[in-house]
Amino acid sequence: MIRMKDAPAWHPNTAPVIPRLAAAAKLAVTWQMAFLYAVTFGGFVAFSTYLPTYLKTVYDFSITDAGTRTAGFAIAAVIARPIGGILSDRLHPKIVVMISLAGAAGMAVLIALQPAPELSAGATFIAMAFFLGIGTGGVFAWVARSAPPDRVGAVTGIVGAAGGLGGFFPPLVMGATYDSVGNNYTVGLALLSVTCLLALLYTAWRLPGRSAAEAPPTGRESGRGA
């Protein structure tokens, strides 16, 4: 029987949960990452939920065929998630998240154009799953870099909850904006694309590419360490 041991430097955090969550809620990084995760993971949840209906309505697939293709979408996103984490380690989470948002915005436009089945439409949906997947991995890698070490768990919990909430609203919007005359979801997909572009602009201009913990020491700090 193999027994795992904790790292020598690890100590359990025994502080009460509510104060820890309250402290995490006061951090700007918590809500920045929550917003990005609501878009990326929320987009994945929304597509996984609504895609069977979409494929049945737009492409006239049977429930079984639509469910099978939705499973493929989910698998592609799951595979892409660790890829997003690996890329974040090699590049930077900000770059990965920006690629994710730009790609998702573009794929939403292509999906609205209703590419022909099977190859074109399938490739488009798989690409959407890939972009959303790497984005979820990138956001969590960013949390690990940006959140204070003693609050990473609480921040991650809030960010994860935001992802679940982010996946709740898009299916409602898709259903409400469905054009029965033209048999399309153009308005809903356009709103998704705009949301991704706004998140992209916010990430590019408002979020730092380097956290305080990653910043190089100042001259004074270097002198202290000498």
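On a 1 Å grid over the protein atoms alone, a pocket is an open set of points where a 1.4 Å probe fits, with protein on both sides within 12 Å along at least five of seven lines, and its lining residues have an atom within 4 Å of a point. Grid points are joined across faces, edges and corners, and a volume is the space filled by probe spheres set on the points. The model examined here is predicted, so local features need pLDDT of at least 70 and side-chain atom pairs count only at pLDDT 80 or more, while totals for chains, interfaces and linings use all residues. Residues are numbered from 1 along each chain as its sequence is written, and side-chain values use heavy atoms, with hydrogens and water left out.

The second largest pocket holds about 180 Å³ of space. Its lining has 13 residues, and Leu55, Arg69, Ala121, Gly122 and Phe125 are the closest to its centre. Helix α5 gives the most to this lining, with 4 residues (helices are DSSP runs of H or I, at least four residues, numbered from the N terminus). By class, the lining has 9 nonpolar, 2 polar and 2 charged residues (nonpolar: Ala, Val, Leu, Ile, Met, Phe, Trp, Tyr, Cys and Pro; charged: Asp, Glu, Lys and Arg; polar: the others, Gly among them).

The largest pocket has about 390 Å³ of space. Among its 23 lining residues, Ala46, Gly166, Pro170, Gly188 and Leu192 are the closest to the centre. Here α2 gives the most, with 10 residues, and the lining divides into 18 nonpolar, 5 polar and no charged residues.

Turning to the interior, the largest nonpolar core (buried Ala, Val, Leu, Ile, Met, Phe, Trp, Tyr and Cys residues joined through side-chain atoms within 4.5 Å; buried means under 20% relative accessible area, exposed over 50%, partly exposed in between, with a 1.4 Å probe and protein chains only) has 55 residues. Phe47 is one of those that touch the most other members. Helix α2 supplies the largest share of this core, 14 residues.

The structure also holds 15 aromatic pairs (rings of Phe, Tyr and Trp, the last by its six-membered ring, with centres within 6.5 Å; planes under 30 degrees apart are stacked, over 60 edge-to-face, the rest tilted). Tyr37 and Phe140 are edge-to-face because their centres lie 4.8 Å apart and their planes are at 75°. This pair joins helices α2 and α5 across 103 residues. Tyr37 is buried at 3% relative accessible area, whereas Phe140 is partly exposed at 22%.

Technical notes. Helices (H or I, at least four residues) and strands (E, at least two) are DSSP runs, numbered from the N terminus.
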